[in-house]
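Biologist: Can you put the model up? I'd like to go through the ligand site and then the charged pairs.

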Amino acid sequence: MRAAVQFAVSRDLAVAVQSTGHGVTVLDEGGVLISTKRMADVTVDPQGRYARIEAGARWEQVVACAEPHGLVPPSGSAGHVGVAGYTLAGGMGLLAREFGYAADHVRALDVVTADGELRHVTA
Ligand SMILES: Cc1cc2nc3c(=O)[nH]c(=O)nc-3n(C[C@H](O)[C@H](O)[C@H](O)COP(=O)(O)OP(=O)(O)OC[C@H]3O[C@@H](n4cnc5c(N)ncnc54)[C@H](O)[C@@H]3O)c2cc1C
């Protein structure tokens, strides 16, 4: 991801990111479209009650990893929706009335900013 953004920055190209393509991704002609589809690892820490989720993962993967530990993620109505796009938009899930938006539960993010730097940010 970082290399792709740095490539675009070095050539003064616009960047857009896509995991599933369910949402609206607007890209100028000639820009760089980054697909996160293959960055899809999910690991669950049952003691800490959190998951580390890569940018291309879908909710159905998180549910499958969380369920054996008696945990459930703040996912929505469809398992094939991407965790990143859903959460960046807030994420109004099946348990939202009781537990709030998915974005409320984000503890930390590894983000590549527009200058091509990888930054770790915490909530
Ligand atoms: C069948 C279906 C059911 C749904 N149910 C719900 C629901 O119950 N609750 C709810 O809140 N929403 C729901 N949605 C809406 C869904 O949350 C949005 O469409 C969401 O944007 C999809 O995210 P995505 O990652 O799958 O799609 P994508 O198109 O891959 O991404 C969506 C947006 O996020 C951006 N994005 C994705 N990954 C990154 C990244 N790594 N870095 C920066 N930007 C990124 C993309 O550029 C795009 O603008 C549903 C959608 C569908 C199709």
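Modeller: One definition before the ligand site: helices (H or I, at least four residues) and strands (E, at least two) are DSSP runs, numbered from the N terminus. Keep in mind that this is a predicted model.

Biologist: Fine. Which elements each supply at least two residues of the shell around the ligand?

Modeller: Two are in that group: β1, residues 15-18, and α3, residues 83-88.

Biologist: And which gives the most?

Modeller: That is α3, with four residues in the shell.

Biologist: How many residues are around the ligand, and which come nearest?

Modeller: There are 23 around the ligand, and V17, S19, T20, G82 and M92 come nearest.

Biologist: How do the shell residues divide into nonpolar, polar and charged?

Modeller: The shell has 10 nonpolar and 13 polar residues, and no charged ones.

Biologist: What about V17, how far is its backbone N or O atom from an oxygen atom of the ligand?

Modeller: For V17 that distance is 2.4 Å. G85 also has a backbone N or O atom by a ligand oxygen, at 3.2 Å. With Y86, a polar backbone atom is 3.4 Å from an oxygen atom of the ligand.

Biologist: How much of the ligand does the protein bury?

Modeller: Taken alone, the ligand exposes 960 Å², and 69% of that is buried by the protein.

Biologist: Changing topic. How many salt bridges does the structure hold?

Modeller: Two. In one of them, the side chains of E117 and R2 meet at 3.5 Å, N to O.

Biologist: Which parts does that pair tie together?

Modeller: E117 lies in the loop between β5 (108-112) and β6 (118-122), while R2 is in helix α1 (residues 2-10), so the salt bridge links parts 115 residues apart in sequence.

Biologist: Are those two buried or partly exposed?

Modeller: E117 is partly exposed, with 33% relative accessibility. R2 is at 37% and also counts as partly exposed. The cut-offs behind that are under 20% for buried and over 50% for exposed, with partly exposed in between.

Biologist: And what does R119 form a salt bridge with?

Modeller: Its partner is D115, and the closest N and O atoms of the pair are 2.5 Å apart.

Biologist: Where do R119 and D115 fall on accessibility, buried or exposed or in between?

Modeller: In between: R119 has a relative accessible area of 37% and is partly exposed. D115, with 43%, is partly exposed as well.

Biologist: Why would such side chains pair at all?

Modeller: Side chains of opposite charge can pair when their charged atoms come close.

Methods:
Residues are numbered from 1 along each chain as its sequence is written. This is a predicted model: local features need pLDDT of at least 70, side-chain atom pairs count only at pLDDT 80 or more; totals for chains, interfaces and linings use all residues. Side-chain values use heavy atoms; hydrogens and water are left out. A residue is near a molecule or strand if one of its heavy atoms lies within 4 Å of it. A polar contact is a pair of N or O atoms within 3.5 Å; within protein, one must be able to donate a hydrogen and the other to accept it, and residues adjacent in sequence count only if both atoms are side-chain atoms. Accessible areas come from the Shrake-Rupley method with a 1.4 Å probe; for residues, only the protein chains shown count as cover. Ala, Val, Leu, Ile, Met, Phe, Trp, Tyr, Cys and Pro count as nonpolar, Asp, Glu, Lys and Arg as charged, and the others, Gly among them, as polar. A salt bridge is a side-chain nitrogen of Lys or Arg within 4 Å of a carboxyl oxygen of Asp or Glu. Buried means under 20% relative accessible area, exposed over 50%, partly exposed in between (1.4 Å probe, protein chains only).
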